[in-house]
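Q: I'm new to this one. Can you put it up and take me through the side chains?

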Amino acid sequence: MDSKTIISKLPYSDPFLFVDDITEVDTEHIIGQYTFKTDEYFYQGHFKGHPVTPGVILTECMAQIGLVSFGIYLLSGEIDQDVRVALSSIEIDFLKPVYPGELVTVHSEKIYFRFNKLKCKVKMINAETETVCNGTISGMLIPKRS
């Protein structure tokens, strides 16, 4: 399954899609990227004059790439267009800010995947290869059967 196919199966659309590309994926890990556009709706009023990407949006980006996109790949033989996701746990440490216009890369490694529950170790890095946040995310992926 290629990047475009995975992204087309995501249950998100603009302005809440935070995946531009999946650069690498196999049964153990996924790597994807997103560039935070300077005109994203959430920058308006978030630290007036000095916008910073909210932590909840960074978490969402990591979940969309590191959990949902990865889960779609792992379930590739079982899903149709629709995937429902029930997030079950998140533990993220925020280390550096992400500013408008920044490219981030999300690395996710599978901890386990069983009974459609996926738990991953996730890390987001910036263009300077600095870790901006990391932690674990888990959730249930409920595929629509073909």
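A: A definition to begin with: patches are made of residues with over 30% relative accessible area and no salt bridge, like charges being joined within 9 Å and nonpolar side chains (Val, Leu, Ile, Met, Phe, Trp, Tyr) within 5 Å. A salt bridge is a side-chain nitrogen of Lys or Arg within 4 Å of a carboxyl oxygen of Asp or Glu. Accessible areas come from the Shrake-Rupley method with a 1.4 Å probe, and for residues only the protein chains shown count as cover.

Q: Which residues make the nonpolar surface patch?
A: Val 85, Leu 87 and Ile 90 make it, with an area of about 230 Å².

Q: Where does Ile 90 lie?
A: Ile 90 belongs to strand E3, residues 83-94. Strands (E, at least two residues) and helices (H or I, at least four) are DSSP runs, numbered from the N terminus.

Q: Is Ile 90 buried or exposed?
A: Partly exposed, at a relative accessible area of 42%. Buried means under 20%, exposed over 50%, and partly exposed in between (1.4 Å probe, protein chains only).

Q: What kind of model and numbering is this?
A: This is a predicted model: local features need pLDDT of at least 70, side-chain atom pairs count only at pLDDT 80 or more, and totals for chains, interfaces and linings use all residues. Residues are numbered from 1 along each chain as its sequence is written, and side-chain values use heavy atoms, with hydrogens and water left out.

Q: How many aromatic pairs does a search of the whole structure find?
A: Eight. The rings of Tyr 34 and Phe 36 have centres 4.9 Å apart and planes at 85°, so that pair is edge-to-face. Rings of Phe, Tyr and Trp (its six-membered ring) pair if their centres lie within 6.5 Å; planes under 30 degrees apart count as stacked, over 60 as edge-to-face and the rest as tilted.

Q: Are Tyr 34 and Phe 36 buried or exposed?
A: Both are buried. They also belong to one aromatic cluster with Phe 16, Phe 18, Tyr 41, Phe 42 and Tyr 43.

Q: New topic: how many disulfides?
A: A search of the whole structure finds zero. Cys 61 is in none, and the nearest cysteine sulfur, in Cys 133, is 8.4 Å away. The cut-off for a disulfide is two cysteine sulfur atoms within 2.5 Å.

Q: Why no bond for Cys 120?
A: Because its sulfur is 14 Å from the closest cysteine sulfur, in Cys 61, which is too far. Cys 120 counts as buried, at 0% relative accessibility.
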